[in-house]
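Q: Could you take a close look at the core of this one for me? I'd like to know what it's built from and how it sits in the rest of the fold.

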Amino acid sequence: MEFQLHPKLNHLLCLFIITLSFAHAQATTFGYCADVNYAVEVSGVEITPDPVVRARPVTFKISAATGEAICGGKWEITVSYFGFVVHKEIHDFCEQVSCPVATGSFVVAHTQKLPAYAPPGTYTVEMTLKNEKNKPLTCITFNLKIGLGSFLSNI
């Protein structure tokens, strides 16, 4: 005997699974830009939603720890697509977190809306945190995926 769901229940189950796939955050694999002992050690990167939907907000959450207090600085973000830089931005670090950041663990979260014209595919993101003297405190790279189905967000 084969088990079958009622058609309406089957549709609800599919809708629930699709909703979950767009709403949850996933830990993203990241690497350091260089083989250096940075003052800030990153322990995790989360991107919500993953894959990203263009023309909709995306949140990056970086979990890290520092061995020295951070009184100021800047985040430099570079986005590449097929090896070509397609976007660059700089943010005041103290606008992202409450400064000074004491030694220990902290989280930086940044939300922004990606352009509607961004083609689907895998992008490489490089995030560098520099102190007020422009010294790199950490630098990480990770991939950001804009899904094939994300064109639906423009309808």
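A: Let's fix one term before diving in: contact means heavy atoms within 4.5 Å. This is a predicted model, where local features need pLDDT of at least 70, side-chain atom pairs count only at pLDDT 80 or more, and totals for chains, interfaces and linings use all residues. Residues are numbered from 1 along each chain as its sequence is written, and side-chain values use heavy atoms, with hydrogens and water left out.

Among contacts between residues at least 6 apart in sequence, 61% join residues at least 24 apart. The elements run α-β-β-β-β-β-β-α-β-β-β from the N terminus (helices are DSSP runs of H or I, at least four residues; strands are runs of E, at least two; both are numbered from the N terminus).

Now the core itself. A nonpolar core is a set of buried Ala, Val, Leu, Ile, Met, Phe, Trp, Tyr and Cys residues joined through side-chain atoms within 4.5 Å, with buried meaning under 20% relative accessible area (1.4 Å probe, protein chains only). The largest one here has 30 residues, and Ile70, Phe93, Phe106, Met127, Phe142 and Leu144 have the most contacts inside it. Strands S3 (40-48), S4 (57-66), S5 (73-81), S7 (104-113), S8 (121-131) and S9 (136-146) each give two or more residues to this core, and S9 gives the most, with 5.

Met127 is a good one to zoom in on: leaving aside neighbours within four places in sequence, its contacts include Phe60, Ile62, Trp75, Ile77, Ile140 and Phe142. Across the whole protein, 35% of the 155 residues count as buried.

Technical notes:
Buried < 20%, exposed > 50% of the residue type's maximum accessible area, 1.4 Å probe, protein only.
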